Amino acid sequence: MSDPSPYAPLIARVPVREEEVALRGVRARLWVYGADSADRTLVFVHGLRGDHHGLEPIVAHLEGVRVVVPDLPGFGASPPLPAGGHDVAGYAAWIRDLLAAVAPGGDAVLAGHSFGSIVTAAAVAQGAPVRALVLVNPIAASALAGPRVVMTRLTVLYHRLAAALPERAGTALLRNPVMTRVASVAMATTGDRELRRWIHAEHDRYFSTFADRRTLLEAFHASVRHDVGESAAAVAVPTLLVAADRDDLAPPAAQHTLAGRFPDARLVVVPGTGHLAHYEAPAAVAAALTEFLAGLPIR
């Protein structure tokens, strides 16, 4: 029996439909939550090895917002890009095309979690027309220079080993359930045993749904070599950073520094949680997001 989601009753009340959009040679899948008549549209991008499921707890706590959540190419239900490009530049270009398809008037707010924060910030810096940008657990500094540099280097070696093996063996290594659980345990900070059990079950279900080894390796190396700060100065729209005070992948001190690199940004720090704020504190994340959206003029 699977571990029940603590957010299931809230999620079940949100109207949702699944759609398909053809962009850059990929018929990608996306999920539209809420009413089409909502005053605001939020396009929300998940993190590395995730898919739309991981953002549903935040979506369930939002009211009066139409939320579009794609599975990035090569993850979840979306096939990979046909010619590579599962990196910052490739995903930023794909997100710009996605926005043109789902919010052609340029009136959407773009959001990203973790690796999603890197690619959404890059998309906006490169001219994606949006009202504002929201970054949840943003990657404030390259993981190769962050506080968990030893763990990151070991993880890089693990991925290099997976790349060196024959494809079938290398893919199996990347999907190894033991390593998925190690990563989940390392990221979870909640003391709630039931919530922690559910988080691990979520990672077991969705952490290995990437399309193939090539896709995962391209995205992984992009995630550890880049950060939001590379794009910050060129982001010309109001920006909200939602950080967490126990996030050792993106600690608060680095978040304060990052906020200062944007022309117009505010920082909210969620207490008592880490890099999995979308699972552990979705109500707090949604509250910060709702307040930010309320301060934007409606067109």
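Let's start right where two helices touch: V88, Y91, A92, I95 and R96 in α3 meet F115, I118, V119, T120, A122 and A123 in α4. If you sort the residues of this contact by class, you get nine nonpolar, one polar and one charged. Please keep in mind throughout that what we have here is a predicted model.

How do these two helices cross? The axes of α3 and α4 come within 8 Å, at an angle of roughly 65°. That makes α3 roughly perpendicular to α4. As for handedness, the crossing of α3 and α4 is right-handed.

Let's stay with α4 for a moment. Helix α4 covers residues 115-125, and 10 of its 11 residues are buried, so the rest of the structure largely encloses it. Which residues are the buried ones in α4? They are F115, G116, S117, I118, V119, T120, A121, A122, A123 and V124. And what do these buried residues pack against? On the helix side, their partners are α3 (88-102), α9 and α10 (229-232). On the strand side, they pack against β3 (40-45), β5 (109-113) and β6 (132-136).

Now look at the two ends of α4. Leading in, we have S114, which sits in the loop between β5 and α4. Is S114 buried or exposed? Its relative accessible area is 11%, and a residue counts as buried under 20%, so S114 is buried. Setting aside neighbours within four places in sequence, S114 is in contact with G47, V136, N137, I139 and H275. At the other end, just after α4, you will find G127, which takes a positive phi of about 110°.

Let me step back to the whole chain. In secondary structure, the protein chain comes to 13 helices and eight strands. Its radius of gyration is 18 Å, close to the 19 Å that the globule rule gives for 299 residues, so the chain is as compact as a globular protein of that length. If you draw a box around the C-alpha atoms along the principal axes, the box is roughly 55 × 45 × 40 Å. Of the 299 residues, 55% are buried. And here is a number about how the chain folds back on itself: among contacts between residues at least 6 apart in sequence, 75% join residues at least 24 apart.

Next, two more helix pairs. We already met α9 as one of the partners of α4. Helix α9 (residues 213-225) also packs with helix α6 (residues 167-174), at an angle of about 55° and with the axes 10 Å apart. That angle is why α6 and α9 are described as oblique to each other. Here α6 passes α9 in a left-handed crossing. From α6, the contact uses E167, G170, T171 and L174, while α9 brings R213, L216 and L217. By class, this contact of α6 with α9 has three nonpolar, two polar and two charged residues.

The other pair is α7 (residues 177-187) and α8 (residues 193-206), which pack at about 140° with their axes 9 Å apart. That makes α7 oblique to α8. The crossing of α7 and α8 is right-handed. In α7, the residues involved are T180, R181, S184, V185 and M187, and they meet R196, I199, H200, H203 and D204 in α8. This contact of α7 with α8 divides into three nonpolar, four polar and three charged residues.

Finally, let's visit two residues from early in the chain. Where is P4? It lies in the segment before α1 (8-12). P4 is exposed, with a relative accessible area of 62%. Which takes us to a long reach along the chain: P4 and W198 are 194 residues apart in sequence, and their C-alpha atoms are separated by 6.8 Å.

Then there is R17, whose place is in strand β1 (residues 16-23). R17 is partly exposed, at a relative accessible area of 34%. Not counting residues up to four places away in sequence, R17 touches L30, W31, V32 and D36. A28 is 11 residues from R17 in sequence, and from C-alpha to C-alpha the two are 14 Å apart.

That's the tour, and I'm happy to go back to any part of it. Thanks for listening!

Methods:
Residues numbered from 1 in each chain as written. Predicted model: local features only at pLDDT ≥ 70, side-chain atom pairs only at ≥ 80, totals over all residues. Heavy atoms only, no water. Axes fitted to C-alpha atoms, helices over the stretch in contact; angles between N-to-C directions. Helix = DSSP H or I, 4+ residues; strand = E, 2+ residues; numbered from the N terminus. Parallel < 35°, antiparallel > 145°, perpendicular 65-115°, else oblique. Left-handed = near helix turned anticlockwise from the far one by under 90°. Contact = heavy atoms within 4.5 Å. Nonpolar A, V, L, I, M, F, W, Y, C, P; charged D, E, K, R; others polar. Rg over C-alpha atoms; globule rule 2.2 N^0.38 Å. Buried < 20%, exposed > 50% of the residue type's maximum accessible area, 1.4 Å probe, protein only.
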